[in-house]
Amino acid sequence: MTVYVAREGSKLWRRVCMETSIELQLLAEKWKLILAGLVFQYIHGLAAHGVHYLHRPGPTLQDLGFFLLPELGEQRAYISETLFSFLFISFFLWTFHPFFFQSKKFYTVILWCRIFAFLVASQTLRIITFYATQLPGPNYHCREGSKLARLPRPDSVVEVLLINFPHGVIYGCGDLIFSSHMIFTLVFVITYQKYGTKRCIKRIAWLIAVTLSFLIVASRKHYTVDVVVAWYTVNLVIFFVDKKLPEMPDRTSGTSPSLLPMSTKERDIKLREENLKQINGNVVDSTDWRQRTQANGKLLEDGNTVHSDSQMNGS
């Protein structure tokens, strides 16, 4: 038993080291895209903080969601944040699972490049919309009489650039259409829908997205229109942006054809992966290079297998 654990631990360590080496090479090539995505997250936060200076509290607008959903109250506002944090952390950890598991479908660095592309496009539209029209915030700290509803005129540019983090992010007002929480939620869920393999988790993820939509409105953090607009806008953004990006290689089929000729670095990565498979005892027969993870263009999930040869012979 001890020998088995030691052997498996050694394989896992070699796998992690090999995967780290591959991802670092990709990061050296894609670091500008990753950095640009991270910098834009600050720009988005800065824009949301800036619109708070323009916010003017007023009567809460008539809203169908407010009429249908009971108000959770200020003391239960943490429920939606807790659920969102659970989704955010779970998805973040899942994107690094290729470092530890053999069932690899993507490169972590390339996946995050796509995620940042979706986020930046969606957040750009969001910045345009909430600066175009400022609505009176429905949140408790944005209502008439609250000291946080209006920000005093800043004394310096530095005060604006620092965003008063994290207090300024948590208690922002005016950045309503459309919901930032729903942008992250839908980008994460749709990404897992495409690149994840567990059908039950996909269903749970969509259930969380729907539940979070209701909780945001019930917590009076957004109007219903903010959530509704996010649902169709983010889906359309991902649909069109995804078509413009090159398709990610499917790592489960060791011989998926590249859309572009492989560079020297890509060939080195491919050789490293083949060596890793041999170390783990997963030697691929060079005479059988057919893709086994897809049938009729659909990804097989949860270990389901299609015997295409027998079907062809039977037909």
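**Entry 1. A polar contact**

I take a polar contact to be a pair of N or O atoms within 3.5 Å, where, within protein, one must be able to donate a hydrogen and the other to accept it. I note at the start that the model I am reading is a predicted one. With that rule I looked up R114, whose side chain makes a polar contact with the side chain of D242 at 2.5 Å. The value of 2.5 Å falls within the cut-off of 3.5 Å.

I then asked myself where R114 lies. R114 is part of helix α4, which covers residues 108-132. Is R114 buried or exposed? Its relative accessible area is 5%, so I wrote it down as buried, the cut-off for that class being under 20%. I set aside the neighbours of R114 within four places in sequence and listed its other contacts: K194, Y195, D242, L245, P246, E247 and M248. D242, the partner in the polar contact, is in that list too.

**Entry 2. The whole protein**

I stepped back to see the layout. The protein has 11 helices and two strands. Read from the N terminus, the elements run α-α-α-α-α-α-α-α-α-α-β-β-α. The protein has 315 residues, and buried residues make up 39% of them. I also looked up how far apart in sequence the contacts reach. Of the contacts between residues at least 6 apart in sequence, 84% join residues at least 24 apart.

**Entry 3. Helices α4 and α7**

Two packed helices are described by the angle between their axes and the distance between the axes. I looked up both for α4 and α7, the latter spanning residues 180-195. Their axes come within 10 Å and cross at roughly 145°. The crossing is right-handed. Which residues make the contact? From α4 I noted L111, R114, I115, F118, L119, S122, Q123 and R126. From α7 I noted S180, I183, F184, V187, F188, T191, K194 and Y195. Sorted by class, the contact has nine nonpolar, four polar and three charged residues. R114 from my first entry is listed here, and K194 and Y195 of α7 are also among the residues that R114 contacts.

**Entry 4. Aromatic rings**

I counted 19 aromatic pairs in the model. I picked out one of them, F88 with F188. The ring centres are 5.4 Å apart and the planes stand at 65°, so I recorded the pair as edge-to-face; the cut-off for that class is over 60 degrees. F88 sits in helix α3 (residues 78-94) and F188 in helix α7, so the pair ties together parts that are 100 residues apart in sequence. I checked the accessibility of both residues. F88 is partly exposed at 32% relative accessible area, whereas F188 is buried at 2%.

**Entry 5. Helix α3 and what lies around it**

I stayed with α3 and looked up S80, which lies in this helix. S80 has 2% relative accessibility and counts as buried. Apart from neighbours within four places in sequence, S80 is in contact with L212, L215, I216, S219 and K221. T82 is in α3 as well, but T82 is partly exposed, with a relative accessible area of 48%. T82 and L212 are 130 residues apart in sequence, and their C-alpha atoms are 10.0 Å apart in space.

**Entry 6. Helices α8 and α9**

Helix α8 runs over residues 199-218 and holds I204. I204 is partly exposed at 48% relative accessibility. Its C-alpha atom is 9.6 Å from that of V189, a residue 15 places away in sequence.

V227 is in helix α9 and is buried at 6% relative accessible area. What does V227 touch, leaving aside neighbours within four places in sequence? I listed M182, S213, I216 and V217. V227 and M182 are 45 residues apart in sequence and 6.8 Å apart from C-alpha to C-alpha. I216 appears both here and among the contacts of S80.

**Entry 7. Two backbone details in loops**

R220 lies in the loop between α8 and α9. R220 has a positive phi of about 60° although it is not a glycine. With a relative accessible area of 5%, R220 is buried.

The second detail is a cis peptide bond that joins I177 and F178, with omega about 0°. I traced F178 to the loop between α6 and α7.

How values were computed
Residues are numbered from 1 along each chain as its sequence is written. This is a predicted model: local features need pLDDT of at least 70, side-chain atom pairs count only at pLDDT 80 or more; totals for chains, interfaces and linings use all residues. Side-chain values use heavy atoms; hydrogens and water are left out. Helices (H or I, at least four residues) and strands (E, at least two) are DSSP runs, numbered from the N terminus. Buried means under 20% relative accessible area, exposed over 50%, partly exposed in between (1.4 Å probe, protein chains only). Contact means heavy atoms within 4.5 Å. Axes are lines fitted to C-alpha atoms, for helices over the stretch in contact, and angles run from 0 to 180 degrees between N-to-C directions. A crossing is left-handed if the near helix is turned anticlockwise from the far one by less than a right angle, and right-handed if clockwise. Ala, Val, Leu, Ile, Met, Phe, Trp, Tyr, Cys and Pro count as nonpolar, Asp, Glu, Lys and Arg as charged, and the others, Gly among them, as polar. Rings of Phe, Tyr and Trp (its six-membered ring) pair if their centres lie within 6.5 Å; planes under 30 degrees apart count as stacked, over 60 as edge-to-face and the rest as tilted.
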